[in-house]
Amino acid sequence: MQGAFAEHVHALDAVGARTRLVRTRDDLSGLDGIVLPGGESTTMTMLMERVGLLEPVRKAIQSGLATLATCAGLIVLASDITDGMSDQQGLGLLDVSVRRNGYGRQAESFEASLKIDGMNGHEFPGVFIRSPLVERTGDVKVIATYQGHPVAVQKDRILALCFHPELTTDLRLHREFVRLAGQHA
Amino acid sequence: MAPEAPEGAGGAERPRRISIVAEGNGARHGNGSVKGSFKVKAGLAQMLKGGVIMDVVTAEHARIAQEAGACAVMALERVPADIRKEGGVARMSDPELIKSIMAAVTIPVMAKCRIGHFVEAQILEALGVDYIDESEVLTPADEENHIDKHPFKIPFVCGCRDLGEAARRIAEGAAMIRTKGEAGTGNVVEAVRHARAVNAGIRKLQGMNHAELVHEAKLIGAPVEVLVDCHKLGRLPVVNFAAGGIATPADAALMMQLGVDGVFVGSGIFKSEDPLKRAQAIVAATTYYDKPEVLAEVSAGLGKAMHGLEIPAIPKDELLAARGW
């Protein structure tokens with residue numbers, strides 16, 4: 001809809017997945033996985049609602065569609081959003097509370113190395129851009145934290161991140177997403 | 001990877017990846033994190049892609065823009081159409097106004113400083129705006145030098161008319177580029193000219209070897225490193241938006257089909273009859289830029305667009321795009 005989708009397409013191409021941009025309901029059919037990219041969560045949810053995509057996406061993810069959500073995508077999935085627009089409503093599919101721009105404005109955007117549970121090898125390069133802050137987690141598995149706050153969580157086939165793997169050349173999280181997507185297919 | 005998307009409907013392949021031209025240093029912190037690196041500066045622009053950035057002059061405008069789906073707003077005292085009409089020296093906006101707009105919305109807030117006025121830029125950085133537009137819409141403060149943008153933690157967007165100008169700005173540290181167009185006219189012709197010039201410049205590089213790239217760099221006054229990146233990527237190495245004269249959903253979609261990553265709309269929204277409706281329509285047109293049936297639907301019944309200006313009717317010394325080099 002809006003955001004850094006081209007970067008995800010590139011990363012998924014690189015791990016051998018076939019991709020398609022989802023802008024209408026018809027684009028959803030036959031998918032094994034969906035990416036909710038970084039961008040502006042208000043813009044994305046508003047557009048999705050206006051064109052009648054919000055409900056179909058909610059149903060698809062609820063019924064097990066593998067999902068990779070980065071930054072704004074995580075906000076769109078979250079059950080509670082603070083500091084959003086007053087009537088900002090998302091998909092409410094991930095039991096976390098997030099504060100929009102919780103780390104501050106652009107001047108506070110940062111890069112930091114992250115240790116991700118279950119991931120071998122070197123630390124993952126975390127690129128945080130006006131990132132949401134996860135303030136509470138419920139029924140999800142936290143797989144990485146930064147300064148005591150969760151920055152990567154997993155719930156069944158949903159992988160949700162505060163940072164942007166698509167802006168790096170590290171493809172390990174995209175590979176993991178493709179593996180999740182392949183499980184049901 | 002075609003720098004110019006196919007014209008006409010359907011299947012337009014979007015340009016791909018953005019790479020890092022200048023490995024910005026950023027400030028290292030005790031906990032190992034780095035702030036203000038070129039990656040996070042250019043990265044914010046990547047998050048704005050496919051979106052519309054709207055000029056706003058009040059907090060109320062900013063809320064309307066956000067409600068309409070803007071991915072960012074540009075905080076200004078006067079929209080370009082009024083700057084053009086009123087004349088005089090146009091400067092950075094009152095910090096009070098910028099702060100009220102920052103408080104009114106959750107989306108990123110940009111603000112303009114004069115070309116070469118690095119102290120206005122320092123002030124904007126101190127205010128904590130998310131992006132600085134070093135803009136020809138304001139009266140230039142330096143006729144030779146643009147701002148050295150590398151030392152700033154806040155990213156910059158700069159205007160260009162062709163590839164050489166874009167490459168010079170990127171070398172100075174711009175993390176995002178936009179066409180200059182001719183702001184405040186409601187006439188898209190200059191934005192089209194500039195977008196096509198950038199595309200043509202990049203296409204020309206594609207068949208060149210390194211020696212020829214060095215020669216081309218000399219001819220267009222561009223740093224060779226940036227041209228090497230453009231050659232490798234088949235596009236500018238940073239996000240590239242259209243700006244200057246976009247007034248209708250069709251204008252926005254036209255620019256998107258010409259291969260830009262998103263659009264700025266200045267005077268076009270709040271100088272029109274029904275700003276909210278027009279803003280929503282331009283947002284939709286930027287997402288569905290290659291779907292004429294959607295464009296037809298969102299273009300209907302928007303009320304009057306802003307009054308446009310023919311470029312030849314503007315005295316040469318009042319052309320904003322000629323500012324900067």
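In this predicted model, the contact between the two chains draws on 43 residues of chain A and 46 residues of chain B. Putting the chains together buries about 3700 Å² between chain A and chain B, and carbon and sulfur atoms supply 52% of that area. On the polar side of the ledger, 26 residue pairs are in polar contact across the interface of chain A and chain B, counting pairs with both residues at pLDDT 80 or more.

Which elements of chain A give two or more residues to the side that touches chain B? They are the helices α1 (5-14) and α2 (41-50), plus the strands β5 (110-114) and β6 (124-128), of chain A. Of these, α2(A) gives the most, with five residues. Sorted by residue type, the side of chain A that touches chain B splits into 15 nonpolar, 16 polar and twelve charged residues.

Some of that charge gets paired up. Between chain A and chain B there are five salt bridges, while a search of the whole structure turns up 31 over all chains. One of the pairs between the chains is R130(A) with D130(B), whose side chains meet in a salt bridge at 2.9 Å, N to O. Another salt bridge ties K35(B) to E108(A), with 2.7 Å between the closest N and O atoms. K35(B) sits in strand β2 of chain B and E108(A) in the loop between β4 and β5 of chain A, so this pair joins two chains.

Strand β2 of chain B turns up again in the backbone pairing. β5(A) and β2(B), the latter covering residues 34-35, run antiparallel and are joined by two bridges. Within this pairing, E111(A) has V34(B) as its bridge partner. β5(A) is also among the elements that give two or more residues to the side of chain A touching chain B.

Moving away from the interface, chain A holds an open sheet of three strands in the order β3-β4-β7, with mixed pairing. Its edge strands are β3 (78-82) and β7 (133-137) of chain A, each of which pairs on one side only. On average, neighbouring strands of this sheet are turned by 25° against each other, direction ignored. Strand β4 of chain A (residues 94-99) runs antiparallel to β7(A), and four bridges join the two. Here S97(A) stands opposite R136(A) of β7(A).

What kind of sheet do the strands β3 to β10 form in chain B? They make a closed barrel of eight strands, running β3-β4-β5-β6-β7-β8-β9-β10 with parallel pairing. The average turn between neighbouring strands in this sheet is 30°, direction ignored. As one example of the pairing, β9 (residues 239-242) and β10 (residues 262-265) of chain B run parallel and share two bridges. A242(B) is the residue standing opposite V263(B) in β10(B).

Helices pack on this sheet too. Helix α7 of chain B (residues 189-206) touches β7 (156-160), β8 (176-179) and β9 of chain B, and its direction makes about 130° with that of β8(B). Helix α12 of chain B (residues 275-287) lies across β3 (52-56) and β10 of chain B, running at about 155° to β3(B).

Key:
Residues are numbered from 1 along each chain as its sequence is written. Chains are lettered from A and ligands numbered from 1 in the order in which they are written. This is a predicted model: local features need pLDDT of at least 70, side-chain atom pairs count only at pLDDT 80 or more; totals for chains, interfaces and linings use all residues. Side-chain values use heavy atoms; hydrogens and water are left out. Contact means heavy atoms within 4.5 Å. Buried area is the accessible area (1.4 Å probe) that two parts lose on being put together, summed over both. A salt bridge is a side-chain nitrogen of Lys or Arg within 4 Å of a carboxyl oxygen of Asp or Glu. A polar contact is a pair of N or O atoms within 3.5 Å; within protein, one must be able to donate a hydrogen and the other to accept it, and residues adjacent in sequence count only if both atoms are side-chain atoms. Ala, Val, Leu, Ile, Met, Phe, Trp, Tyr, Cys and Pro count as nonpolar, Asp, Glu, Lys and Arg as charged, and the others, Gly among them, as polar. Two strands pair if DSSP finds at least two bridges between them. Axes are lines fitted to C-alpha atoms, for helices over the stretch in contact, and angles run from 0 to 180 degrees between N-to-C directions.
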